[in-house]
Amino acid sequence: MNKKNIYFLSDAHLGSLAIEHGRTQERRLVRFLDSIKHKAAAIYLLGDIFDFWNEYRYVVPKGYTRFLGKLSELTDMGVEVHFFTGNHDIWTYGYLEKECGLIVHTQPLTTEIYDKVFFLAHGDGLGDPDARFKLLRRLFHSRTCQWLLNTVHPRWGMALGLNWAKHSRLKRAGGKEPPYMGEDKEYLVLFAKEYMKTHPQIDYFIFGHRHIELDLILSRKSRLMIIGDWITQFTYAVFDGEHMFLEEYVEGESRP
């Protein structure tokens, strides 16, 4: 019997005020999920799926109905959907699990899939030397700061988060992440190489966050992938139980 595929994707930043035609982008992601629903055993959403997501006690962010509906359909069908919080969508407190059936991860995950060992993470905070980013990350993960954010009315809290995210993106050159910095400087590569020293069992490191496509052999056993984004690249990784591929979703084409 053929094994069903395992899919990995990240960095859609749905709802971003810096992305034109956001509804078209959401529909494209939904069409992709629909195209794989009968081929997927599990889907791993590796962070920053939303540009800003914050749940209040009785309120969740407006929009995303097509996407959340498709995720609910997938989980109702028995497909495992794993949601990793990134640095833009940290603030989830149970809605995605209870209403959509997602499995939410707030930390990197080491897991075995079809006899291979995977280290899965969004990638923020792993080896990044930027002191300002580290400080912001600590603040965003602080329970006190999260409580304070949820004391703000959703109208203002959501506007604050979305505009902060927009400013963060637009201040970069062309609104894009820096290109690949090379094997000796790319901090996720450096992190993986250091991690391998004490965890030699890892077969695959899979990351998002950087918005670049990278497929790198680290050793005879270990391989690293950074899986691009769903803003301009529409890329994903797929594991069929024996082989791992980095693919691009092209409308109208059938992919593995």
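1. In this predicted model, Tyr204 faces Arg223 of strand 9. This places the two residues at the pairing of strand 7 (residues 204–207) with strand 9, which is parallel and comprises four bridges.

2. Strand 9 also pairs with strand 8 (residues 213–217), here in the antiparallel sense and through five bridges. Within this pairing, Leu216 lies opposite Leu224 of strand 9. Strands 8 and 9 together make a hairpin, with five residues between them. As background, strands of a sheet pair through backbone hydrogen bonds, in either a parallel or an antiparallel manner.

3. Is strand 9 (residues 223–227) mostly covered or mostly uncovered? Five of its five residues are buried, and the strand is therefore described as mostly covered, buried meaning under 20% relative accessible area. In a regular strand, side chains alternate between the two faces of the sheet. In strand 9 both faces are covered: Arg223, Met225 and Ile227 are buried on one side, and Leu224 and Ile226 are buried on the other. Arg223, the residue opposite Tyr204, is thus among the buried ones.

4. A further element for the reader to locate is an open sheet of six strands, arranged in the order 4-3-2-1-10-11 with mixed pairing. Strand 4 (103–105) and strand 11 (244–248) occupy the edges; each has a single partner strand, so one side of each lacks a neighbour in the sheet. On average, neighbouring strands of this sheet are turned by 20° against each other, direction ignored.

5. Inside that order, strand 1 (residues 5–9) and strand 10 (residues 235–239) run antiparallel and are joined by three bridges. Ile6 stands across from Phe239 of strand 10. Helix 1 lies across strand 1, strand 2 (40–45) and strand 10, and its direction is at about 165° to strand 1.

6. Helix 1 (22–36) also deserves attention in connection with a pocket. Together with helix 6 (154–170), with at least two residues from each, helix 1 contributes to the lining of the second largest pocket. The volume of this pocket is about 400 Å³.

7. Which residues lie nearest the centre of the second largest pocket? They are Leu14, Gly15, Lys62, Gly63 and Tyr64, from a lining of 22 residues. By class, the lining consists of 11 nonpolar, seven polar and four charged residues.

Technical notes:
Residues numbered from 1 in each chain as written. Predicted model: local features only at pLDDT ≥ 70, side-chain atom pairs only at ≥ 80, totals over all residues. Heavy atoms only, no water. Buried < 20%, exposed > 50% of the residue type's maximum accessible area, 1.4 Å probe, protein only. Pairing = 2+ DSSP bridges. 1 Å grid on protein atoms, 1.4 Å probe; cavity = no way out; pocket = protein on both sides within 12 Å on 5 of 7 lines; lining within 4 Å. Points joined across faces, edges and corners; volume = space filled by probe spheres on them. Nonpolar A, V, L, I, M, F, W, Y, C, P; charged D, E, K, R; others polar. Axes fitted to C-alpha atoms, helices over the stretch in contact; angles between N-to-C directions. Contact = heavy atoms within 4.5 Å.
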